[in-house]
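Q: Got a minute to walk me through this one? I'd like the overall build, then the packing.

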Amino acid sequence: MRAQRSGWFGWLQIQWLTCLFMGATALAQSPLLPATPLTVEAAQSLGTEWEVLLRKGEVTAITSRLDLRALSEKALSSLPGDDEARREFITQYAAGASAAYQHTLRGFVHFRFLGAVRTNAAGGLVFRALLPDGSANYYRYVVEPRATGGAGITDVFVLPTGEWMSATIRWLYLLSEGKRGPALAAKLSGAEADLVRHAAAVERLLAYQQQKKHPEFLEAYRGLPVALREDRTLLQMQLAASLAVEPLEFGVASQAWGRRYPSDPGLDLVAFEKWSARGEPVLAASALGRLEEFVGGDHYLRALRGVQLARAGQVDAGKRLAEDAVLAEP
């Protein structure tokens with residue numbers, strides 16, 4: 001059993017790295033709130049400091065503030081199950097995820113602090129990160145003062161997923177428990193119970209996705225219970241598989257995602273590129289506008305939206321928007 005679990009945790013570490021770039025699911029929407037949030041002034045100062053360090057490649061400015069073991073313990077504290085199994089999962093997860101997270105952050109070529117969220121109790125610091133090909137990702141770090149000094153990260157929101165890291169940890173744990181057997185499902189309800197019961201089927205889907213076996217993925221996906229077919233991770237994968245098999249299916253697949261998760265920023269991030277590639281710049285510009293509103297304003301998204309407006313025939317408006325963005329952030 002230990003050897004089987006060791007192999008399973010190896011898969012989890014691969015999935016963690018994939019999640020940071022592509023997105024992972026969550027069965028809950030709320031972050032782990034800080035006991036004592038930072039003041040806006042302190043948050044702004046910290047975000048500015050982190051941007052300077054990240055641009056120098058010092059990713060430990062983030063990773064040293066993120067206690068994955070504590071975050072995992074909080075994320076799983078309300079779940080039933082074997083305490084020893086939970087502790088083993090947390091140990092294995094924290095070790096693999098920490099290294100993978102550092103690797104992911106080092107893969108970005110640009111970081112920009114966009115500001116502190118002020119609209120809700122969780123707060124947080126919002127950063128834009130760019131890959132060498134120009135692909136954008138956005139992170140929101142919920143922070144609180146540490147008793148030992150400085151600030152610690154309570155939870156992380158990754159925009160393509162539309163989800164919190166704590167919820168991703170919970171999802172991966174339930175999937176790992178499902179590999180041990182369906183017993184835990186009797187103590188859960190709804191989508192969480194289905195995830196445990198159908199862990200083997202979900203594992204096959206993930207294997208099909210990694211191997212780019214898109215027809216097999218779609219056939220297996222249709223055989224899942226409704227609750228799992230509406231899981232955000234599997235919806236994302238279904239969207240990619242549908243595009244690979246039949247590009248015209250993008251509209252149908254994205255509508256299914258939008259119905260289940262309205263105003264999902266992850267969908268807009270995926271949709272903007274697809275609408276642009278399909279020659280529908282009005283829809284692409286709309287998706288970019290919603291993304292910009294969600295992150296609280298971003299010159300990079302504004303410049304991209306200007307290009308799409310110009311392609312849609314609004315040349316003067318698009319040019320002004322793009323030029324203003326470049327002037328504001330050369």
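Q: How many helices and strands are in the chain?
A: The chain has 16 helices and 5 strands. Keep in mind that this is a predicted model.

Q: And how much of it counts as buried?
A: Of the 330 residues, 50% count as buried.

Q: What share of the contacts join residues at least 24 apart?
A: 60%, taken among contacts between residues at least 6 apart in sequence.

Q: Which residues touch the most other members in the largest nonpolar core?
A: Trp50, Leu125, Tyr141 and Val156. That core holds 68 residues.

Q: Is there another core apart from that, and what is in it?
A: There is another one, of 16 residues. Tyr138, Phe157, Ala284 and Val295 are among them.

Q: Back to Tyr141. What is it in contact with, leaving aside neighbours within four places in sequence?
A: Trp50, Ile62, Tyr101, Leu105, Gly124, Leu125, Phe127, Ile153, Asp155 and Val156.

Q: New topic: H14 and H15. How do they pack?
A: H14 covers residues 281-295 and H15 covers residues 299-311. Their axes lie 8 Å apart, at an angle of about 160 degrees.

Q: Roughly parallel or antiparallel, then?
A: Roughly antiparallel. Angles over 145 degrees count as that, so H14 and H15 qualify.

Q: Left-handed or right-handed crossing?
A: H14 passes H15 in a left-handed crossing.

Q: Which residues meet there?
A: From H14, they include Ala284, Leu288, Leu291 and Val295. The H15 side includes Leu301, Leu304, Arg305 and Gln308.

Q: What's the mix of nonpolar, polar and charged in that contact?
A: The contact of H14 with H15 has 9 nonpolar, 2 polar and 4 charged residues.

Conventions: Residues are numbered from 1 along each chain as its sequence is written. This is a predicted model: local features need pLDDT of at least 70, side-chain atom pairs count only at pLDDT 80 or more; totals for chains, interfaces and linings use all residues. Side-chain values use heavy atoms; hydrogens and water are left out. A nonpolar core is a set of buried Ala, Val, Leu, Ile, Met, Phe, Trp, Tyr and Cys residues joined through side-chain atoms within 4.5 Å. Buried means under 20% relative accessible area, exposed over 50%, partly exposed in between (1.4 Å probe, protein chains only). Contact means heavy atoms within 4.5 Å. Axes are lines fitted to C-alpha atoms, for helices over the stretch in contact, and angles run from 0 to 180 degrees between N-to-C directions. Helices (H or I, at least four residues) and strands (E, at least two) are DSSP runs, numbered from the N terminus. Angles under 35 degrees count as roughly parallel, over 145 as roughly antiparallel, 65 to 115 as roughly perpendicular and the rest as oblique. A crossing is left-handed if the near helix is turned anticlockwise from the far one by less than a right angle, and right-handed if clockwise. Ala, Val, Leu, Ile, Met, Phe, Trp, Tyr, Cys and Pro count as nonpolar, Asp, Glu, Lys and Arg as charged, and the others, Gly among them, as polar.
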